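Please look through the sequence and the structure below before reading on. The paragraphs after them go from one part to the next and say what can be found there.

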Amino acid sequence: MTKKEYADILLPGVEHTKEEYEEMYKDRNLPEGAIVTRFAPSPTGFVHIGGLLSSFIARKFAKQTNGVMLLRIEDTDQKRLVENGVSKIIEDLKSFDITFDEGATGEEDYSGNYGPYVQSQRKDIYQAFAKYLIERDLAYPCFMSEEELEEIRKGQEEIKARIGVYGKYAKYRDITMEEALEKINNGEKYIIRFKSPGNFDNKVVVEDAIRGKLEFPENDIDIVIIKGDGLQTYHFAHLVDDHLMKVTHVIRGDEWVSSLPTHVQLFDTFGYNRPTYAHISPLMKKDGETVRKISKRKDPESAVSFYHEQGIPTDAVMIYLMTIANSNFEEWQENNKDKSYLDFEISFDKISSSGALFDMDKLINISKNYISTMKAEDLYNKTLEYASEFDKEFYELLAKYKDYSISVLNIEREVERPRKDIESYSTVRREIDYMYDELFNPTYEKKDFYSKELLEYYIDNVYDESDDKQTWFNKIKEMCPKFGFASETKEYKANPENYKGSVAHACEVIRVAVTGRVQTPDLYEILKLLGKSRIKERIEKF
RNA sequence: GGCCCGUUGGUGAAAUGGUUAACACAUCGCCCUCUCAAGGCGACAUUCAUGGGUUCAAAUCCCAUACGGGUCACCA
């Protein structure tokens, strides 16, 4: 029996050969230096903030080198399958402006010439590559049961040996064709292992674009390449897919660093050029005294949907991630205020090799600044969109009083130094709710100097809607002495015992009566928007 | 436990052997202002995890130690 026939029995029904597949995947015709990279999630429908970071970085590199960013779905583990998972991922990423040049575009569809991009549809390809290995005696069937494997592991732990199927523990490494065939005829189950050519005493050096030179012992573990269900493992798929899809840069989370010796070995065995690896450090979080990777299970901020629910602008999240990805970004932004974060050129050597602590304060600050630069109408639209999903009551009001709401949001906006008091779309309501009669429900504490007399005098005899700001303020000053307030703050500070307060206090009386708050944006603007009759109403209820 | 990586202020960090260790967030003062949000000004690491070494010179190079992280599946 030839090796080829043997391989046919081990992996029957494979349509094409490795050579045929290589023929089908042509080299890409791209400009010099173009980066071809990918994002390769499982279809769980969940995008982790760390995944957002690495896909964002990958997206940037592809774009700025006129390369390609592709989406590949790694769906070979049934346990990770979630209905509509792929669509959810695509949608989430799209909301952060992360789009793909090729690959999966929906549950079933894909575009591009290097597909299929869904691994479950590539079974034949992996098997063809596995057969190539079997024919060359570089892979073999392994008949060990899970129990047997477990025993070996325990034994290794006991004698403090390295864990894994290697050397003498690789029981079927040198199985003959005849022995294997006999077992197969007996109906024994098997998987396919790679026959590692590595020696643990030798060193292998891998260059990482972010971490620099990494040195490891060679891999000598016979890893599984084809599982019991006939599907490939991650390691094997990485080799086959990234080679065939002509991926130049593998940008992924740093949990893969330790698999590097295996991956590099696979590429070397096939004589393929290794891709450039770039391992992104995880985002960390403080948990009591210790620091750990942000966890999907424990930390709500790990899900990108969290930011959506919080009403934090997607751009703010991206800007924050950019500051983590390349720390010189903030300086660049300071010097390029008119440009978008998308115009910044990211570089590998500026990516930190240690994991950053996730800093919510910083994110909020970025969000605040970002929102302060928005046009009132944009803010209105975003807030409306947010409220439509998370705050129906507020949504109704915003929709009903559109122009009015935009004017309210425009107070001290679109000026040289805009207000920075709105942290997110979700906090808009609490900043402006008093501007809506439906929501105006003041609960203030009355202070000694609060005077209804002053208020009534003011609305009946002083306030004039047509006054400009200076006139408006001068009139309040003029009115002050009549009610025991000092017109000038300095005057009051010099002799506080002579007054009930200063003009600032007089303003506070008006402010509290009209808004129910001690602190608000510019009073003049607020009064103007409210209009005289509503001011009067509110004063009467004071 | 093995293997790998990392360690500059509360946080993100700059510095790539050469004077007082950038900048930003947070915090705290003061100023300005009708209050707030801003804005302005200032404070905040005598020291770069610790200990040794190399050097005229070290946060930067070397070695140990400590601490932190990742990984050791027929999961990705």
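This is a predicted model. A place to begin is strand β8, which spans residues 212-217 and is hardly covered. How many of its six residues are buried? The count is zero. A residue counts as buried if 20 or more other C-beta atoms lie within 10 Å of its own, and no residue of β8 is buried. The partner of β8 is strand β7, residues 203-208, and the two run antiparallel, joined by six bridges. One of the facing pairs is Asp208 with Gly212 of β8. Between β7 and β8 the chain makes a hairpin through three residues.

Strand β8 also belongs to another part of the picture, the surface near RNA strand B. At least two residues of that surface come from β8, and the same holds for each of α6 (146-158), β13 (290-293), α11 (314-325), α12 (329-335), α13 (360-372), α21 (503-515) and α22 (523-530). Which residues come nearest to the RNA? Of the 65 residues around RNA strand B, they are Glu74, Gly228, Tyr234, Ser352 and Ser354. Sorted by class, the residues of this surface are 23 nonpolar, 18 polar and 24 charged.

Next comes a sheet. Three strands form an open sheet with antiparallel pairing, in the order β5-β6-β9. Strands β5 (139-142) and β9 (224-226) are at the edges and have a single partner strand each, so one side of each has no neighbour in the sheet. On average, neighbouring strands here are turned by 45 degrees against each other, direction ignored. Strand β6, residues 191-194, pairs with β9 in the antiparallel sense over two bridges. In one of these pairings, Ile192 has Ile226 in β9 as its bridge partner.

Strand β9 leads on to helix α8, since β9 is among the elements that cover the buried residues of α8. The others named as part of this cover are α5 (123-135), β10 (249-253) and α9 (260-270). Is α8 mostly enclosed or mostly open? Helix α8 covers residues 234-244, and eight of its 11 residues are buried, so the helix is largely enclosed by the rest of the structure. The buried residues are Phe236, Ala237, His238, Leu239, Val240, Asp241, Asp242 and His243. After α8 comes Lys246, which has a positive phi near 60 degrees.

Most residues other than glycine have a negative phi. Two further residues with a positive phi lie in loops. Asn66 has a positive phi near 55 degrees, although it is not a glycine. Asn66 is in the loop between α3 (49-64) and β2 (68-71). Is Asn66 buried or exposed? Asn66 counts as exposed because it has 12 C-beta neighbours inside 10 Å, and the limit for exposed is 12 or fewer. Glu414 is not a glycine either, and its phi is positive, at about 55 degrees. The loop that holds Glu414 runs between α16 (402-409) and α17 (428-432). Glu414 has 11 other C-beta atoms within 10 Å, so it is exposed.

Helices can also be described by how they meet. The axes of α18 (residues 452-462) and α21 come within 10 Å of each other and cross at roughly 85 degrees. These two helices are therefore roughly perpendicular to each other, because angles of 65 to 115 degrees are counted that way. On the α18 side the contact is made by Leu454, Leu455 and Tyr458, and on the α21 side by Ala506, Val509, Ile510 and Ala513. By class, this contact has seven nonpolar residues, no polar and no charged ones. An α-helix has 3.6 residues a turn, so residues three or four places apart point the same way.

Two single residues complete the tour. Lys18 lies in helix α2, residues 18-24. Lys18 is buried because it has 20 other C-beta atoms within 10 Å. Leaving out residues up to four places away in sequence, Lys18 touches Ala128, Phe129 and Tyr132. His308 is in helix α10, residues 304-310. With 18 C-beta neighbours inside 10 Å, His308 counts as partly exposed. How far apart are His308 and Asp92 in space? From C-alpha to C-alpha the distance is 9.6 Å, while in sequence His308 and Asp92 are 216 residues apart.

Methods
Residues are numbered from 1 along each chain as its sequence is written. Chains are lettered from A and ligands numbered from 1 in the order in which they are written. This is a predicted model: local features need pLDDT of at least 70, side-chain atom pairs count only at pLDDT 80 or more; totals for chains, interfaces and linings use all residues. Helices (H or I, at least four residues) and strands (E, at least two) are DSSP runs, numbered from the N terminus. Two strands pair if DSSP finds at least two bridges between them. A residue is near a molecule or strand if its C-beta atom, placed from the backbone, lies within 6 Å of it. Ala, Val, Leu, Ile, Met, Phe, Trp, Tyr, Cys and Pro count as nonpolar, Asp, Glu, Lys and Arg as charged, and the others, Gly among them, as polar. Axes are lines fitted to C-alpha atoms, for helices over the stretch in contact, and angles run from 0 to 180 degrees between N-to-C directions. Angles under 35 degrees count as roughly parallel, over 145 as roughly antiparallel, 65 to 115 as roughly perpendicular and the rest as oblique. Two residues are in contact if their C-beta atoms, placed from the backbone, lie within 7 Å.
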